[in-house]
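Here are some worked exercises on a predicted model. Keep the structure open and try each task before you read its solution.

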Amino acid sequence: QVQFVESGGGLVQAGGSLRLSCAASGSISKIYAVAWYRRATGKQRELVARITPGGSTNYADSVKGRFTISRDGAKNTVSLQMNSLKLEDTAVYYCNVDPPATVYWGQGTQVTVSS
């Protein structure tokens, strides 16, 4: 069964950093592209970053130069290093395949940026 479990969120001041981790069951990230998504209160879900089995990456314009997505094949995890955080990065962050599968949405992890 494919499952995604997000962790690493928290409260951080603007300009700070957080590293999110997405643990996937099996070897899903070796077969499908995996992405980090976020949904801010009152806003539509947006794709933040994605990584393919071959390691190519894509980023939303709003996070380019600040966020880095990576994959650890041995641990079946996909991480999102977030630097220079801004107030507008506040959201619940989720991981899923790209395009997302409805049945794989989890609880996400809350990122709150203050100041």
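**Exercise 1. Work out how many residues the largest nonpolar core has, and which of them have the most contacts inside it.**

Step 1. Start with the general idea: in soluble globular proteins, nonpolar side chains tend to be buried together.

Step 2. In this predicted model, the largest nonpolar core has 27 residues. Those with the most contacts inside it are Phe 4, Trp 36, Val 48, Phe 67, Leu 80, Met 82 and Tyr 93.

Step 3. Now see which strands feed this core. At least two residues come from each of E3 (18-24), E4 (34-39), E5 (46-51), E7, E8, E9 (91-97) and E10 (109-114).

Step 4. Zoom in on Tyr 93. Leaving out residues up to four places away in sequence, its contacts include Trp 36, Val 48, Phe 67, Leu 80 and Met 82. Tyr 93 also touches Glu 6, Leu 20, Tyr 37, Arg 38, Gly 108, Thr 109 and Val 111.

**Exercise 2. Find the order of the strands in the open sheet of six, and name its edge strands.**

Step 1. Walk across the sheet and you get E2-E10-E9-E4-E5-E6, with mixed pairing.

Step 2. Look for strands that pair on one side only: these are E2 (10-13) and E6, the edge strands.

Step 3. Check the twist. Ignoring direction, neighbouring strands in this sheet are turned by 25 degrees against each other on average.

Step 4. Pick out one pair inside the sheet. E4 and E9 run antiparallel and share six bridges, and Ala 35 sits opposite Asn 96 in E9.

**Exercise 3. Describe how E7 and E8 pair, and say which residue of their hairpin takes a positive phi.**

Step 1. E7 covers residues 67-72 and E8 covers residues 77-82; the two pair in the antiparallel sense over six bridges.

Step 2. For a register check, take Thr 68: its bridge partner in E8 is Gln 81.

Step 3. Four residues lie between the strands of this hairpin, and Asn 76 is the one to look at, with a positive phi near 55 degrees.

**Exercise 4. Locate the disulfide and work out its handedness.**

Step 1. Recall the chemistry: a disulfide is a covalent bond between the sulfur atoms of two cysteines.

Step 2. Count them: the model has one disulfide. Cys 22 and Cys 95 form it, with their sulfur atoms 2.0 Å apart.

Step 3. Place the partners. Cys 22 is in E3 and Cys 95 is in E9, 73 residues apart, so the pair links distant parts of the chain.

Step 4. Both Cys 22 and Cys 95 are buried.

Step 5. The torsion about the S-S bond of Cys 22 and Cys 95 is about 80 degrees, so this disulfide is right-handed.

**Exercise 5. Trace the salt bridges of Asp 89 and find the network they belong to.**

Step 1. The general point first: side chains of opposite charge can pair when their charged atoms come close.

Step 2. Searching the whole structure turns up five salt bridges. One of them joins Asp 89 to Arg 38, with the closest N and O atoms 2.9 Å apart. This pair links distant parts of the chain: Asp 89 is in the loop between E8 and E9, Arg 38 is in E4, and they are 51 residues apart.

Step 3. Asp 89 also forms a salt bridge with Arg 66, this time with 2.7 Å between the closest N and O atoms. Arg 66 lies in the loop between E6 (57-59) and E7, so the pair ties together parts that are 23 residues apart in sequence.

Step 4. Put the pieces together: salt bridges that share partners join Arg 38, Glu 46, Arg 66 and Asp 89 into one network.

Step 5. Test for burial, with a cut-off of under 20% relative accessible area. Asp 89 has 0% and is buried. Arg 38 is buried at 5%, and Arg 66 is buried at 9%.

Step 6. For another pair, try Lys 64 and Asp 61, whose side chains meet in a salt bridge at 3.0 Å, N to O. Here Asp 61 is exposed, with 65% relative accessibility.

**Exercise 6. Is Trp 105 buried, exposed or partly exposed, and what does it touch?**

Step 1. Find Trp 105 in the loop between E9 and E10.

Step 2. Its relative accessibility is 27%, so Trp 105 counts as partly exposed.

Step 3. Leaving out residues up to four places away in sequence, Trp 105 touches Tyr 37, Arg 45, Tyr 94, Asn 96 and Pro 100.

Step 4. Take Tyr 94 from that list: Trp 105 and Tyr 94 are eleven residues apart in sequence and 7.3 Å apart in space, C-alpha to C-alpha.

Note on methods:
Residues are numbered from 1 along each chain as its sequence is written. This is a predicted model: local features need pLDDT of at least 70, side-chain atom pairs count only at pLDDT 80 or more; totals for chains, interfaces and linings use all residues. Side-chain values use heavy atoms; hydrogens and water are left out. Two strands pair if DSSP finds at least two bridges between them. A nonpolar core is a set of buried Ala, Val, Leu, Ile, Met, Phe, Trp, Tyr and Cys residues joined through side-chain atoms within 4.5 Å. Buried means under 20% relative accessible area, exposed over 50%, partly exposed in between (1.4 Å probe, protein chains only). Contact means heavy atoms within 4.5 Å. A disulfide is a pair of cysteine sulfur atoms within 2.5 Å. A salt bridge is a side-chain nitrogen of Lys or Arg within 4 Å of a carboxyl oxygen of Asp or Glu. Axes are lines fitted to C-alpha atoms, for helices over the stretch in contact, and angles run from 0 to 180 degrees between N-to-C directions.
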